[in-house]
Amino acid sequence: MKEYLKKDAFVFSGLKAHAQLTEARSLLNDENGNIKPYYKFEQDILKLNEKYNVTYLETEYEFAVASSQSAANWGNLQDNTDRYFLQYRTAGDEKVRASHAQLNSTTLPKDDPFWFSFYPPNGWRCRCVAVEVLAVDYKVSDSKKAIEIGEKATTSINKDNKNTLEMFRFNPGMENKIFPPNNAYSKVIGAETAIKNLSYAA
């Protein structure tokens, strides 16, 4: 699993660089199609660098750490689903999102469909975890209701009528992925070719 996760981090980093370069290329010309003077281009590139390598970087780093730990925990879970359940737990403080708080204490067998899509982390800066508990100590939750709550927690419709949180419906441990397979960088023009090249290089 470690090698799979390292490869995924490598591919994600390459896709991010590809997306940044694609955006940088679009900054060479002004609104009239003329080449910008260097001082203006430099200002735009510095702003772009701050966006990708300051604003985005910390969030992506925190997600990568949480997701890789989550994947490792999944790999260490017991296979005895009659004796052990998984329980969803939030960080339990005032920073917890209301939508994630509704998932707190959700308790289901490891092979329940809920965990296929809503095994944490379920978003940027999500601190939720899934822990193994003895089945005899807890009542099993309603799977259908839990999935409905999970879907609401990973739904945010933008101005283009697209759900920007749907990409978080994946299980890092099952898919051997640190980052969501359908992340924003993978949707940049030319990303499909970049993914193939990066995957081969990795």
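This report describes the fold, the long helix α2, the nonpolar cores and the aromatic pairs of a predicted model.

## Overall fold

The protein chain holds seven helices and three strands, which follow one another along the sequence in the pattern α-α-β-α-β-α-β-α-α-α. Its C-alpha trace spans about 70 × 35 × 25 Å along the principal axes, and of the 202 residues in the chain, 37% are buried.

Contacts between distant parts of the sequence are well represented, since 72% of the contacts with a separation of 6 or more involve residues that are 24 or more positions apart. One example of distant parts brought together is given by Glu 3 and Asn 176, which are 173 residues apart along the chain while their C-alpha atoms are separated by 9.1 Å. Glu 3 belongs to helix α1 and, with a relative accessible area of 54%, this residue is exposed.

## Helix α2

Helix α2 covers residues 38-75. At 1.5 Å a residue, its 38 residues should span 56 Å, and the 51 Å between its end C-alpha atoms agrees with that expectation. The helix nevertheless contains a kink of about 50 degrees, which is centred on Leu 57.

The buried residues of α2 are Asp 44, Leu 48, Tyr 52, Thr 59, Glu 60, Phe 63, Ala 64, Ser 67, Ser 70, Ala 71 and Trp 74, a list that includes charged and hydroxyl-bearing side chains such as Asp 44 and Ser 67 beside nonpolar ones such as Leu 48. Their packing partners are α1, the strand β1 (84-89), α4 (114-118) and α6 (172-175).

## Nonpolar cores

In soluble globular proteins, nonpolar side chains tend to be buried together. The largest nonpolar core in this model has 18 residues, and those with the most contacts inside it are Leu 48, Tyr 52, Phe 63, Ile 178, Phe 179 and Tyr 185. Two elements, α1 (2-26) and α2 (38-75), give two or more residues to this core, and the largest share, six residues, comes from α1.

Ile 178 shows how these parts meet: leaving aside its neighbours within four places in sequence, this residue is in contact with Leu 5, Asp 8, Ala 9, Phe 63, Ala 64, Ser 67, Ser 68 and Phe 170. A second, separate core is made of 16 residues, among them Trp 74, Tyr 88, Phe 118 and Ala 146.

## Aromatic pairs

The structure holds twelve aromatic pairs. In one of them, the ring centres of Phe 12 and Tyr 185 are 5.3 Å apart with their planes at 55 degrees, so the pair is classed as tilted. Because Phe 12 lies in helix α1 and Tyr 185 in the loop between α6 and α7 (191-201), this pair ties together parts that are 173 residues apart in sequence. Both partners fall below the 20% cut-off for burial: Phe 12 counts as buried at 5% relative accessibility, and Tyr 185 counts as buried at 8%.

Phe 114 and Trp 115 form an edge-to-face pair, with 4.8 Å from centre to centre and 80 degrees between the planes, and both of these residues are buried. Elsewhere, ring pairs link Phe 12, Tyr 52, Tyr 56, Phe 63, Trp 124, Phe 168, Phe 179 and Tyr 185 into a cluster. Trp 74, which is buried in α2 and included in the second core, has the charged end of Lys 110 over its ring, 5.2 Å from the ring centre.

Definitions and conventions
Residues are numbered from 1 along each chain as its sequence is written. Side-chain values use heavy atoms; hydrogens and water are left out. A nonpolar core is a set of buried Ala, Val, Leu, Ile, Met, Phe, Trp, Tyr and Cys residues joined through side-chain atoms within 4.5 Å. Buried means under 20% relative accessible area, exposed over 50%, partly exposed in between (1.4 Å probe, protein chains only). Helices (H or I, at least four residues) and strands (E, at least two) are DSSP runs, numbered from the N terminus. Contact means heavy atoms within 4.5 Å. The expected span of a helix is 1.5 Å times one less than its number of residues. The bend at a residue is the angle between axes fitted to the seven residues ending there and the seven starting there. Rings of Phe, Tyr and Trp (its six-membered ring) pair if their centres lie within 6.5 Å; planes under 30 degrees apart count as stacked, over 60 as edge-to-face and the rest as tilted. A charge sits over a ring if NZ of Lys or CZ of Arg is within 6 Å of the ring centre and within 35 degrees of the ring normal.
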